[in-house]
Amino acid sequence: MKFYCLLLRLLGILLFTLVLILCGVGFDYALNTSLAASPDKPTTDLSSQLKQILVSAAPSNQGLNYFILPDSSEIDRIPADPNNPLTPEKIRLGQFLFHETALSINPLNPKNWQQSSCASCHIAQAGFRSNLAQGLGVGGLGFNKLRHRDPDISSVQIDKQNILAPSVLNSAYQEVKLWDGRLGVAGPNAKEPVIQSNDVNRFKLHGLETQPIDGLTFHRLGTAAIASIPEYQELFAKAFPDRPYVGADVEDTKRAGLAIAAYERTLLANQAPFQKWLKGDPNAMSEKELRGAKVFFSSSCVQCHTGANLALTDFRAVGFADHPEEWSGLNLGRGAITKRASDDFKFKVPQLYNLADSSPYGHGASFNTLREVVEYFNRAEPQKLEALYAGNLSVWFRPLNLTQDRVNDLTAFLETGLRDPNLTRYVPERLPSGLCFPNNDPLSRKQLNCD
Ligand code: HEC
Ligand code: HEC
């Protein structure tokens, strides 16, 4: 009898241990797949797990460097267009021009003379986005989130587009520009003769160089009024020694554009906690942000959001709705310019730094918070009618089944882990024109303490 009791007890212990082992395996498995790190795990553990995940997400031999943004002064390490080499002089000139309200000399209503700039829609304090569903250049009143249409002028006199203004932060890392990528002859456009031969690409430059050359005219800006400012003559002479003056012809617009692009290439979110962590500061990110980063780099996100700017230079359909002001009814995105049905509804993958500084999100401004975007990717139900996509939706757009805790972690990583808290270092202290900037309309002047 006693013998049997002992045997039963032994069997019981064995079974118990077996269950423990199996549970342990199960738990490990869960850890590896959904990366459900326990909240009390020490940061060092989290850090080393994240490092492993990042190294395996990077191309071989690149390691963590694949994700590191250079310092803005390390101009040899910043990706550039070979036809627009970066120099400190060009960058300095571009910094002024990007914010210069004296360039706004072609408003449709004379009332708006010299009131806006590139930075009216790409505001440093808003992560170089607009902080509005529809950025307002000429004809807007007020600064940042408070900007609105001037009610006293007609709608057509206002510079506004029916698509969200993307950030120009980390823009050096994509060779083609705009949501449909139609600007630029390099990267994915190198094999697109139709796009290359489009008139906007006549200068045969990268997208970031192409955009401001046409964008200056498009946004009703020009160099005529700054030509008489001695400081600008000096700045142009230093930036472009081969043609040491500035006037008002096409060549001057082109050089102004090249300088703006050079400046934009230095706009890097290299002081974000994630960047500091990558560069070796183990305490730069909180445990929550570390857990969020683990989710990000081991789930679908990294399939599209990777590299130093966390964005492929490529186009994907992820079901976002179009802009409420979109007049054509449906924005075909990349498909509209390649004329391939297989590209319909695909949009350029956006960079992900400093998104918490402004809202809304998506090319169609269809999300108000980053949490909404995360929850959307977690559910993976398109905002637009799924049938429209005819198989174009990305295979990576599929439910993630993240728990609410993991959604919180991922949101924290986007909101604070990827937020450089010091972007105003890129804003000039004053302008050679002496005008108020980035806006110079009466309301902005008050809000910006220019009066
Ligand atoms: C009225 C607001 C407005 C003004 C002013 C403005 N932009 Fe933009 N910007 C936008 C919008 C909207 C887009 C997206 C357009 C699209 O994709 O079709 C954009 C796109 C861009 C892009 C492409 C980003 C990317 O990742 O594809 C760059 C670069 C840029 N703007 C720089 C500038 C510069 C330089 C100026 C001044 C010459 C300027 N912007 C003036 C609204 C504005
Ligand atoms: C299949 C590629 C793909 C995957 C996977 C993906 N994204 Fe994106 N993401 C995109 C594209 C493309 C856009 C822009 C879509 C648009 O505006 O139509 C975008 C937009 C965003 C935006 C809005 C950015 C802005 O400037 O408005 C955020 C935030 C974002 N993604 C975060 C994530 C996160 C977090 C994940 C993982 C849960 C993820 N994405 C997964 C391709 C992807």
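Which residue has a polar side-chain atom 3.3 Å from a nitrogen atom of ligand 1? Select H219 and you have it: that is the residue whose polar side-chain atom sits at this distance from the ligand nitrogen. Keep in mind as you click around that this is a predicted model.

Stay with ligand 1 and colour by secondary structure. Two elements give two or more residues each to its shell: helix 5 (207–218) and helix 7 (250–265). Helix 5 gives the most, with 4 residues.

Now show the whole shell. You should get 26 residues around ligand 1, and the closest are C118, C121, H122, L178 and K348. Colour the shell by residue class and it splits into 15 nonpolar, 7 polar and 4 charged.

Next, zoom in on H122. Its NE2 is the single protein donor to the iron atom of ligand 1, 2.1 Å away. An N or O atom in the H122 side chain is also 2.9 Å from a nitrogen atom of ligand 1. Trace the backbone here and you'll find H122 in the loop between helix 3 (88–99) and strand 1 (140–141).

Then pick W179. This time look at the backbone: an N or O atom there lies 2.9 Å from an oxygen atom of ligand 1.

Last stop, ligand 2. What is the only protein donor of its iron atom? Select H305: its NE2 takes that role, at 2.1 Å. H305 is in a loop too, the one between helix 10 (301–304) and strand 3 (315–316).

Notes:
Residues numbered from 1 in each chain as written. Chains lettered and ligands numbered in written order. Predicted model: local features only at pLDDT ≥ 70, side-chain atom pairs only at ≥ 80, totals over all residues. Heavy atoms only, no water. Donors = N, O, S within 2.8 Å, 3.2 Å for Na, K, Ca; no water. Near = heavy atom within 4 Å. Polar contact = N/O pair within 3.5 Å; in protein donor to acceptor, adjacent residues only side chain to side chain. Nonpolar A, V, L, I, M, F, W, Y, C, P; charged D, E, K, R; others polar.
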